[in-house]
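Let's take a walk through this protein together. Keep the picture open while you read.

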Amino acid sequence: MLPLLTINEETIPNCLPNLLKKSIKFVTLRKTQHLDEFFYFSGWFEMVPVRLGRQDSNLRYPAPKAGALPLGHSPMWRVLYHRDMMTATIDVQKIALYEKWIGQVNSPSILSLYAHIPFCTTRCTYCAFNTYTGLEALIEPFVEALCHEMILVAQSGAGKFVSAHTLYFGGGTPSLLSPDQVGQIITTAHKYFNLETHAEITLEVNPGSIDFGKIKGFKAAGINRVSIGVQSAQSADLELFGRKHSFEDAAQAFQLARRAGFENVSIDLIYGAPYQTRAGWQNTLDTVLAWEPDHASLYTLTLEPQTLLERQVSSGKVPFPDSDLAADMYEDAKETLAHGGFRQYEISNWSRPGFESRHNRQYWLNKPFLGFGPGAHGAAAGVRYWNVRPVNDYIRQIEQGKVCAYPFSPALADHEVATIEMAMTETIILGLRLVHDGLDCAAFERRFGRSIYKVYGNQIDQLAQQGLLRKNQDRLYLTEKAYLVSNRVFVQFMPDD
Ligand code: SF4
């Protein structure tokens with residue numbers, strides 16, 4: 001039985017997390033509680049009283065924000081009301097864990113930074129990213145806005161981060177920016193986020209959008225890792241994908257990167273697409289590995305709603321992708337890459353030793369990252385958030401904006417507060433993706449104050465019996481059999497409701 005403490009107005013301030021004290025005092029000062037009044041606990045920032053079912057015009061409190069959790073349903077709280085007083089029963093042990101966790105999410109952290117560049121010259125048939133064609137005229141004001149956004153967020157976060165150790169330019173087609181523009185963003189990151197001297201700074205490059213002068217310029221601007229969207233060595237695949245570059249363009253982009261002095265070059269490939277064959281895929285793998293890249297990300301094609309390819313497949317114009325064939329292609333890739341000296345360190349990522357993506361690792365370890373640009377997502381200080389998607393709206397909101405509460409920017413679209421339960425689930429799901437390192441159970445316990453076996457013992461045992469998880473010392477791993485059905489594993493760690 002967990003220790004419980006019944007609290008009243010006198011004891012409330014001493015048994016609550018510091019960040020809640022102010023709110024609870026505010027609540028207890030009110031003497032006219034209504035029987036049907038509930039308190040909504042919106043994250044740990046505020047507590048908002050509302051009447052159940054309807055808004056009472058006499059109440060001067062705002063309605064709960066979207067996403068707020070009803071306090072009465074919170075696992076930590078049970079609140080009872082009487083006509084003119086409030087009592088609450090609080091699980092002290094959970095509060096202590098929560099307080100520790102809050103302390104952790106608010107302690108100064110080492111960040112990763114993501115800059116979303118939302119411009120492309122054409123749209124690929126499978127693409128659902130937040131990117132736009134024909135808006136090149138906005139690149140200049142966009143870069144200004146992005147730098148301004150970084151400054152505003154950095155100012156709001158003074159004392160809440162130590163430094164940034166990675167910066168990733170994704171998109172979109174970041175290589176549409178000029179080296180000067182990329183340099184301006186990197187300089188801003190150094191100045192305002194203390195971007196470390198040896199930080200990993202990646203730029204996604206679209207074949208056909210660079211020449212030697214430009215890629216050299218990116219290197220001089222501070223980029224030290226490039227990720228080239230090769231996708232396939234088969235011209236039929238590239239045509240189906242609506243890629244405007246040829247395989248020769250991709251090969252040339254790779255050689256240019258090497259000539260410019262890049263020692264860390266990654267390639268992206270897509271498998272499991274309609275019409276693809278194992279022989280063609282094998283040819284793609286062999287041809288691309290002969291270049292000796294340092295890192296490879298292999299993505300299975302997904303039919304995203306609202307994309308041209310999805311419409312073509314739904315209308316029967318293009319055959320549905322064959323998932324059994326995709327599974328075979330995945331196995332082929334695993335074998336070929338292992339032969340080529342690559343280590344699979346994540347479900348979809350392989351690298352030469354020492355060339356794992358530090359930026360993506362931050363995501364998989366569920367550590368804080370800030371997203372800048374239209375539609376960019378971020379997660380820090382216990383919240384997940386995302387920006388508005390249209391480029392014009394983004395620029396306007398940043399131009400008119402002011403410093404907001406960390407980690408938000410004036411371009412915020414929405415956010416959700418991470419509960420400790422959500423954070424545990426995410427840490428497991430993301431961590432298990434790191435197939436070589438596995439999930440560090442001791443680190444989990446340090447972070448959340450609870451043994452993973454105490455919280456998820458049943459699920460772990462069942463998955464181990466099914467041959468999908470294995471335990472080794474203080475780590476948990478997906479078995480190879482589980483790589484292709486990882487969602488079956490992950491769903492076991494999701495909350496019931
Ligand atoms: S280049 Fe990338 S971001 Fe641009 S349309 Fe193609 S897939 Fe989408």
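Let's begin with helix 11, residues 323-339: its 17 residues reach 24 Å from the first C-alpha to the last, close to the 24 Å expected at 1.5 Å a residue. After helix 11 comes Gly341, which has a positive phi, near 90°. Bear in mind that this is a predicted model.

Here are the helices that come up in this report, with a detail for each:

| Helix | Residues | Detail |
|---|---|---|
| Helix 3 | 92-106 | contains Gly103 |
| Helix 4 | 139-156 | gives 9 residues to the largest nonpolar core |
| Helix 11 | 323-339 | reaches 24 Å |

Now for the inside. The largest nonpolar core has 79 residues, and Leu113, Leu167 and Ile228 touch the most other members. Helix 4 is the biggest giver to this core, with 9 residues. Another core, of 21 residues, lies apart from it and includes Trp101, Ile429, Leu434 and Leu463. Back to Leu167: leaving out residues up to four places away in sequence, Leu167 touches Leu113, Ala115, Ile186, Ala189, Leu195, Ala199 and Ile201.

Is Gly103 buried or exposed? Gly103 counts as exposed because just 12 other C-beta atoms lie within 10 Å, and the cut-off for exposed is 12 or fewer. This glycine sits in helix 3. Its C-alpha is 9.6 Å from that of Ala381, although the two are 278 residues apart along the chain.

Last stop, the ligand. Around it you'll find Cys120, Arg123, Cys124, Cys127, Phe129, Thr131, Gly171, Gly172, Thr173 and Asn206. Sorted by class, that shell has 4 nonpolar, 5 polar and 1 charged residues.

Note on methods:
Residues are numbered from 1 along each chain as its sequence is written. This is a predicted model: local features need pLDDT of at least 70, side-chain atom pairs count only at pLDDT 80 or more; totals for chains, interfaces and linings use all residues. Helices (H or I, at least four residues) and strands (E, at least two) are DSSP runs, numbered from the N terminus. A residue is buried if 20 or more other C-beta atoms lie within 10 Å of its own, exposed if 12 or fewer, and partly exposed in between; C-beta atoms are placed from the backbone. A nonpolar core is a set of buried Ala, Val, Leu, Ile, Met, Phe, Trp, Tyr and Cys residues joined through C-beta atoms within 7 Å. Two residues are in contact if their C-beta atoms, placed from the backbone, lie within 7 Å. The expected span of a helix is 1.5 Å times one less than its number of residues. A residue is near a molecule or strand if its C-beta atom, placed from the backbone, lies within 6 Å of it. Ala, Val, Leu, Ile, Met, Phe, Trp, Tyr, Cys and Pro count as nonpolar, Asp, Glu, Lys and Arg as charged, and the others, Gly among them, as polar.
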